Amino acid sequence: MTIAGLLILTLGVLILLLASLGLFVLKDALSRQHSATKAGTLGIVLVVTGTALIGGSWAWGGRALLITVLAWLAMPVASHVLARAAMSQRGEE
Amino acid sequence: MMALLVVTVFVCIALGVLRFLLGPTDCDRIIALDILFSAAVVLCALAALISGRILFLDIAIGVVLIGFVATLAWTRLAETSRPQYKERRQ
């Protein structure tokens, strides 16, 4: 259980690193928000799942589940709003 | 092991702050803020693991909610403070 949790935790942190590298690899705001919101959500969910697996009790699992549900509710809305703002600000640098 | 993960998250924070300072438009800064809040949640989870206290996961719940509201509010501000939008409203 601890080994699996550590693996998932490491994977989540690496995906978060990938998401923040995307801020510099991609070229404009519209493509940057893809890497920030999608990969950021996956990173958060993996890290929290790994934390719950290492913690090993329902006190950890319930909070991890709550964070996962909140991230899944919040991040797509943020992504949509960011994409709309990036579209309307396109062209002015 | 945990120290390595924390250092990796700090690299993410450094990249986010750099984009926050460099970002040509307001949208880039809001996206960098999003990454910074994600990194804050991950740091809270790692702090909970290292110290063994569940309390830090409760803080992570609060950080997720604050990040959502901050992103929405700032995006709304960036969108509605532009000149075209004001002309359309009048």
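Which residues have the most contacts inside the largest nonpolar core? Keep that in mind as you go through the views below, all of which come from a predicted model.

**View 1. Inside the largest nonpolar core.**
Here's the reply to the opening question: B:Val9, B:Ile31, B:Ile35, B:Val42 and B:Ala45 have the most contacts inside this core, which holds 52 residues. Both chains chip in. Chain A gives two or more residues from each of α1, α2 and α3, and chain B does so from α1 (2-22), α2 (26-51) and α3 (55-80). The largest share belongs to α2(B), with 17 residues.

**View 2. Zooming in on B:Ala45.**
Now pick out one of those well-connected core residues, B:Ala45. Setting aside residues up to four places away in sequence, B:Ala45 touches A:Val47, A:Val48 and A:Thr51 over in chain A. From chain B, B:Leu57 and B:Ala60 also touch B:Ala45.

**View 3. Where chain A meets chain B.**
How many residues does the contact take from chain A and from chain B? The count is 40 residues from chain A and 40 residues from chain B. On the chain A side, α1 (2-25), α2 (29-55) and α3 (58-88) each supply at least two residues. The biggest giver there is α3(A), with 14 residues. Sort that side of chain A by class and you get 27 nonpolar, 9 polar and 4 charged residues. As for the predictor's own scores, the complex gets an ipTM of 0.90 and a pTM of 0.89.

**View 4. Chain A on its own.**
Chain A has 3 helices and 0 strands, so if you trace the sequence you read α-α-α. The radius of gyration of chain A is 16 Å, well over the 12 Å that the globule rule gives for 93 residues, so chain A is more spread out than a compact globule. Along its principal axes, the C-alpha trace of chain A spans about 50 × 25 × 10 Å. Of its 93 residues, 47% count as buried. Now look at contacts in chain A with a separation of 6 or more: 67% of them come from residues 24 or more positions apart.

**View 5. Helix α1 of chain A and what covers it.**
Try a quick ruler check on α1(A). Its 24 residues, at 1.5 Å a residue, should span 34 Å, and the end C-alpha atoms are indeed 34 Å apart, which agrees. Which residues of α1(A) are buried? They are A:Ile8, A:Leu9, A:Gly12, A:Val13, A:Leu16, A:Ala19, A:Ser20, A:Gly22 and A:Leu23. An α-helix has 3.6 residues a turn, so residues three or four places apart point the same way. The cover over the buried residues of α1(A) includes α2 of chain A, along with α1 and α2 of chain B.

**View 6. Helix α2 of chain A.**
Is α2(A) mostly covered or mostly uncovered? Mostly covered: 21 of its 27 residues are buried. The ruler check works here too, as 27 residues at 1.5 Å each should span 39 Å and the end C-alpha atoms of α2(A) are 38 Å apart, which agrees. After α2(A) comes A:Gly56, whose phi is positive, near 85°.

**View 7. Chain B on its own.**
Chain B has 4 helices and 0 strands, and its pattern along the sequence reads α-α-α-α. A compact globule of 90 residues would have a radius of gyration near 12 Å, but chain B comes in at 17 Å. The C-alpha trace of chain B spans about 55 × 25 × 10 Å along its principal axes. Buried residues make up 38% of the 90 residues in chain B. Among contacts in chain B with a separation of 6 or more, residues 24 or more positions apart account for 45%. On confidence, chain B averages a pLDDT of 89, and 91% of the residues score at least 70. A general caution about reading such models: where pLDDT is low, the predicted coordinates should not be read in detail.

**View 8. A close look at B:Phe20.**
You'll find B:Phe20 in helix α1 of chain B. Why does B:Phe20 count as partly exposed? Because B:Phe20 has 17 C-beta neighbours inside 10 Å, and partly exposed residues fall between the 12 or fewer of an exposed residue and the 20 or more of a buried one. Leaving aside neighbours within four places in sequence, B:Phe20 is in contact with B:Arg29, B:Ala32 and B:Leu33. B:Leu36 is 16 residues from B:Phe20 in sequence, and the two are 9.5 Å apart in space, C-alpha to C-alpha.

Notes:
Residues are numbered from 1 along each chain as its sequence is written. Chains are lettered from A and ligands numbered from 1 in the order in which they are written. This is a predicted model: local features need pLDDT of at least 70, side-chain atom pairs count only at pLDDT 80 or more; totals for chains, interfaces and linings use all residues. The radius of gyration is taken over C-alpha atoms; the globule rule is 2.2 Å times the number of residues to the power 0.38. Two residues are in contact if their C-beta atoms, placed from the backbone, lie within 7 Å. Ala, Val, Leu, Ile, Met, Phe, Trp, Tyr, Cys and Pro count as nonpolar, Asp, Glu, Lys and Arg as charged, and the others, Gly among them, as polar. The expected span of a helix is 1.5 Å times one less than its number of residues. A nonpolar core is a set of buried Ala, Val, Leu, Ile, Met, Phe, Trp, Tyr and Cys residues joined through C-beta atoms within 7 Å. pLDDT is the predictor's confidence in each residue, from 0 to 100.
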